[in-house]
Amino acid sequence: MPRAIIGARLVEPPKQLIASLDAVAAEVGSEALSKQLHAWFDELSEGLGDGLGDGAVSVESLRLEGVAEPVIVNGAHRTMLRRLFVDDPTPPAIAPIIEQLEAWRDPVHRGST
């Protein structure tokens with residue numbers, strides 16, 4: 001049975017996360033809290049794109065013996081395959097999934113991945 005792995009790499013913080021940090025600070029009326037929350041997240045996100053993965057699964061853990069290298073898309077764990085909000089763009093893993101399915105359907109490619 002052919003197998004393919006598609007993973008995500010979080011390259012920037014989701015806009016909803018930043019908005020929620022701002023909302024928390026605004027609710028308590030503290031500019032200092034806003035600065036602390038943003039500094040905390042900036043420190044946390046320094047490793048984004050360096051193997052952190054999608055925030056839940058590391059890029060390194062996607063590799064399996066006997067399976068082609070994983071396809072990595074830019075995205076977050078929760079948004080690889082679905083939109084959280086109506087105006088979100090098409091999830092980044094959709095196109096690679098369709099491409100892989102089409103490749104498996106093509107008799108020339110069967111057995112090559």
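Leaving out residues up to four places away in sequence, S34 makes contact with D22 and A25. This residue belongs to helix α2, which spans residues 31-44, and S34 counts as buried, with a relative accessibility of 12%. The model discussed here is a predicted one, and the account below moves from the overall fold to a set of charged side chains and then to one loop.

**Overall fold**

The protein chain holds three helices and two strands, and these elements follow one another along the sequence in the pattern β-α-α-β-α. Of its 113 residues, 23% count as buried, S34 in helix α2 being one of the residues classed in that way, at 12% relative accessibility. The accessible surface of the chain amounts to about 8,000 Å², and carbon and sulfur atoms contribute 57% of that area. As for how the chain meets itself, among contacts with a separation of 6 or more, 53% are between residues 24 or more positions apart.

**Salt bridges**

How many salt bridges does a search of the whole structure find? The search finds two, and both can be described through R63: the side chain of R63 meets that of E60 at an N to O distance of 3.5 Å, while R63 also forms a salt bridge with E69, where the closest N and O atoms are 3.1 Å apart. Each pair qualifies because a side-chain nitrogen of Arg lies within 4 Å of a carboxyl oxygen of Glu. E60, R63 and E69 are thus linked in a network of salt bridges.

The three members can also be described by their accessibility. R63 is partly exposed, with a relative accessible area of 36%, whereas E60 is exposed at 56% and E69 is likewise classed as exposed at 55%. E69 falls in the exposed class because its relative accessibility of 55% is over 50%.

| Residue | Relative accessibility | Class |
|---|---|---|
| R63 | 36% | partly exposed |
| E60 | 56% | exposed |
| E69 | 55% | exposed |
| P92 | 27% | partly exposed |
| A93 | 1% | buried |
| S34 | 12% | buried |

**The loop between β2 and α3**

P92 is placed in the loop that runs between β2 (71-74) and α3 (94-105), and A93 is located in the loop between β2 and α3 as well. Are these residues buried or exposed, taking A93 as the case in point? A93 counts as buried, at 1% relative accessibility, while P92 counts as partly exposed, at 27%.

Their surroundings can be listed with sequence neighbours within four places set aside. P92 is in contact with V73, N74, G75, T79 and M80, and the C-alpha atoms of P92 and N74, which are 18 residues apart along the chain, are separated by 6.7 Å. A93, for its part, touches I6, V73, M80 and L81, and its C-alpha atom is 8.9 Å from that of V71, a residue 22 positions away along the chain. V73 and M80 therefore appear in the contact lists of both P92 and A93, where contact means heavy atoms within 4.5 Å.

Note on methods
Residues numbered from 1 in each chain as written. Predicted model: local features only at pLDDT ≥ 70, side-chain atom pairs only at ≥ 80, totals over all residues. Heavy atoms only, no water. Buried < 20%, exposed > 50% of the residue type's maximum accessible area, 1.4 Å probe, protein only. Helix = DSSP H or I, 4+ residues; strand = E, 2+ residues; numbered from the N terminus. Areas by Shrake-Rupley, 256 points an atom, 1.4 Å probe, with all protein chains shown as cover.
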